[in-house]
Each structure stands twice: as structure tokens, then as C-alpha cells.
Amino acid sequence: MIPSAAFMCLAQTSFTAERLDPSLGILYPWLSVSTLLTLVWPFVLLKRGTHPEPVFWTCLAVVLVFPYDPLLMLMALSSLVARRSAVSRTIRATAAATPVAVWSQVRDALRPAGTSLWHVVFAERPDGDTTVTAGTKMMAGEPAIVLTAAMTGLIGVVVAVLVGLHIRSRARLTQADAQTQAARHHVQHLQNDLDDQKLADAIAAEAHDTLAHSLSLIALNASALQAEANRLAEASGSDVRIGPGAASVAAKADEIRRQAAGALDEAHAIIDMLRHPQQAWEQLAPTDDTSLTRDSLDALIADARQAGAQINTWIDIRQLGDLDESVGKVAYRAIQESLTNALRHASGMPISLEVTVNPRIGVHVHASNPVAATPTQTTTAHTVSGNAGSDRSATREPRIGSGLSGLAARVRSARGSCRYGVDGRGAFHVDVTLPWAAASSDPRVSGGPLA
């Protein structure tokens, strides 16, 4: 567009300056400046995308003042019509461009034969003669030449407006196609969400019919076992061989009943999450029971010891209140899963637990325990309650070994590292490292090492 506009403006200016006498005064420097500016004004079209209306009015003034061809103005008119859809603005621009385009063409046609581009078009020249003078014979009279020039200006305006309308229609069609595609994608996402919700409802119904029922039976049988053990202890009387044993069985039965009741509550909570996903994110948010705090850590270790674990700990936590809760929740899950894995697959084996938290190294959790001596121990289920946390069900895997892989995925999502496996001495290790992330709330300053 820029080279074409520059060429046409330069062509008309060149014909206008043909045989021009330098003694004509101001006309000569005016034409010299016009010739130089033919290489400048077309670059105004570069701004037609963001400022189409100022560009159009600038080009209109340039064509009106300087002896230029109206192509520059017509290009700006097309851009204005294409980018501004207001009817009043289109009519106003077209009404202003029409007389200027006609005048630009007629102005050239009214000049003498040697200085007019239109006279070159209508001149009868012998073969090989390229000069046009005042005595050159024309194929048409002056009125016909002027009328043709005026019609050319009108046709140019019509073509410019039609081109602008075509560009506008094509842009609207492209936009409509994009909106249609976006609407289709949105509908597809809604359909996928609906299908996912139907699946979640089906899983929730199945879990309610099976898992909740099984946990209820466990709690019921534990209550019956506790009642039978109490009855046996009362019936044994002074028999020291039976009395203490029956009391111990009653205590274990009460613990099983309590844990089964807690697991049943958690199962119902997860079922509610499946049925109401819009509330699930709020329930999954870190809390004091599911994020790494002194109280939650103490309760987690106490519950594991109550379940029969022999735990040796080294805990060094500093500035724990400055740690982001989301990172603290992953760290809590790492400790919980490590203890649960040891209780489940290596029951009775001593457990070593090291927890280090500070801004310099971040969060480091390391747990180790000897591998169980017999394969049958891997099928024994042990549960760490986690002090009544609402999201503790993450440690109850449907398959052996899925808990650690899930933990590794959660640690990776927090930009940390998780390694686990058996070393050459037959000890199983879980090592988790998480980067430090500052909390958004006011910090609660923690003390020094806790042994």
C-alpha cells in the first residue's frame, strides 16, 4: 500500500512540475516540497489499525492541499470503513472523500496537455513518440476528459467503500466463527463436567453402599467384642489369668470401635465431597489438623505410638509460623504417610523419624524402618488417625503401595522431591524435601528444636 500510494502521488506531482518555470515564484518550492513529501505521507497508513479516523482525515487534507493522486486517501477510507462500523461515521467519511477524490482527478484533467496525466492517457501519438505538448491531438474533447476524470474519482470512492465493507464483513465472520468455537468448547467442558459429576455421584453411591456399610459393621462388631470382653472380665472375678487379658481385649476393642467410627465419619465426608464438588475445595483447604503445626505433629506421633509404633524422633522446627499452609499440608501428609506405611507393612518394627523445618533448607522429612520379616505383615492394616483431621483418608490406599506414589505426585506438585525404597541393609526409607514458601498471613514465631 505504501509504495503504491507513494508512486501515484509522485506521478501526479511529476506531471504537474513538467515544464515548470523556476521564475514562477512560490509555486516552484511548493512543488519541490510536495515531491519530497510523497515519500513521507504514505507512511501515515501504518497507523490505520489503531487510529483509522485521524489517518483518514490527514490523508484527505494532504490530497486536498498537495497535487497528489487520491489513492492515498482512498486506502485510508477503506481502513476507516473496515474498522469503524458506525453508519454515521461511514456516511460522513464517504461524503467528505467524494468531492476531494473528484476534485483531485478533475484538477489534473484541467491542467495543460504537457502537465496532465489524463491528457497523456487520451493523447494520439505517433509510434515511438512519447512526448505530449499543447498541440498534441486528443482522442476526446476536454469535456469528455474532465467527465472521465470525475467518474474515475467517484468509482474510486465506491470501490474503496466496498473494499472496506468486505474487510469488515470478513472480520466479523472470523470473530463469529471464533465465538462459535469458544461456545462449542464451553459446551463441551460443561458436558465433561456433567459426565464427571455423574461418575462422582455413582462412586459416592457405591462407596456409601459398600465402604460405609463395612465400616459400620466393623464398629458394631467391635462394640460387641468390647461388651463380651467386659462380661468375661466380670465373670472371671478373681481369676488373674483371665481378668487382665479380658480387660486388655476390651480396651483394644474400644480403640477399634473408635477408629472405625472416625473412619466412617471421614468416609461420609469424602462422599459429600464427591456429591458437592463446589464445596470440596473449601473442605480440602489446609487447617490446623491437616497442616504442619506443633499440635498436629504431636498428635500424629502420639496416635502412632498409641497404635503400637516404636518411634524415635528428631524434630527441629524453626519459624514454622512463617511457612505457607499449602506446603505445611504436604509436609504433614508426608509424615502421616510415612508412619502409616511403616505401621501397615512393618508392624512392630522401630521407626526413626526426622523432621527439619527452617527457611534455609525448607522442609525435610525422613522416616526409616526395618523391612518386615515375613510377607504376611504387609497385609496387616494399621490406621493413624491424625487427631481427627478432615482429610486423613489420603493415607488409606485401596492398593498396597499406592499411598507413596500418591505422596510423590503431591510433593512434585509442590516443586519438591520424594524418594523411597529399601537400602542395602534392609531398611525402608522415605525422604521428602520441600522448598520454603513464606506464608501470606502474619507469622507465629516458633521456638527451637523439639526432641
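Student: Why does Tyr68 count as buried?

Tutor: In this predicted model, Tyr68 has 0% relative accessibility. Buried means under 20%, so Tyr68 counts as buried.

Student: What makes Trp57 partly exposed, and how does Phe56 count?

Tutor: Trp57 has 32% relative accessibility. Partly exposed lies between the buried limit of under 20% and the exposed limit of over 50%, so Trp57 is partly exposed. Phe56 stands at 0% and therefore counts as buried.

Student: How many aromatic pairs does the structure hold?

Tutor: The structure holds 3 aromatic pairs. In one of them, the ring centres of Phe56 and Trp57 are 5.0 Å apart.

Student: Why is the pair of Phe56 and Trp57 called edge-to-face?

Tutor: The planes of the two rings stand at 65 degrees. Planes over 60 degrees apart count as edge-to-face, so that is the name for this pair.

Student: What makes the pair of Phe66 and Tyr68 stacked?

Tutor: Their ring centres are 5.4 Å apart, and their planes are at 15 degrees. Under 30 degrees counts as stacked, so the pair is stacked. Phe66, at 13% relative accessibility, counts as buried.

Student: Which residues do ring pairs link into a cluster?

Tutor: The cluster consists of Trp41, Phe66 and Tyr68.

Student: How do you know that Cys59 and Cys9 form no bond?

Tutor: The closest cysteine sulfur to that of Cys59 is in Cys9, 8.8 Å away. A disulfide needs the sulfur atoms within 2.5 Å, so this distance is too far for a bond. The structure holds 0 disulfides.

Student: Why do Cys59 and Cys418 count as buried?

Tutor: Cys59 has 2% relative accessibility and Cys418 has 18%. Buried means under 20%, so Cys59 and Cys418 count as buried.

Terms used: Residues are numbered from 1 along each chain as its sequence is written. This is a predicted model: local features need pLDDT of at least 70, side-chain atom pairs count only at pLDDT 80 or more; totals for chains, interfaces and linings use all residues. Side-chain values use heavy atoms; hydrogens and water are left out. Buried means under 20% relative accessible area, exposed over 50%, partly exposed in between (1.4 Å probe, protein chains only). Rings of Phe, Tyr and Trp (its six-membered ring) pair if their centres lie within 6.5 Å; planes under 30 degrees apart count as stacked, over 60 as edge-to-face and the rest as tilted.
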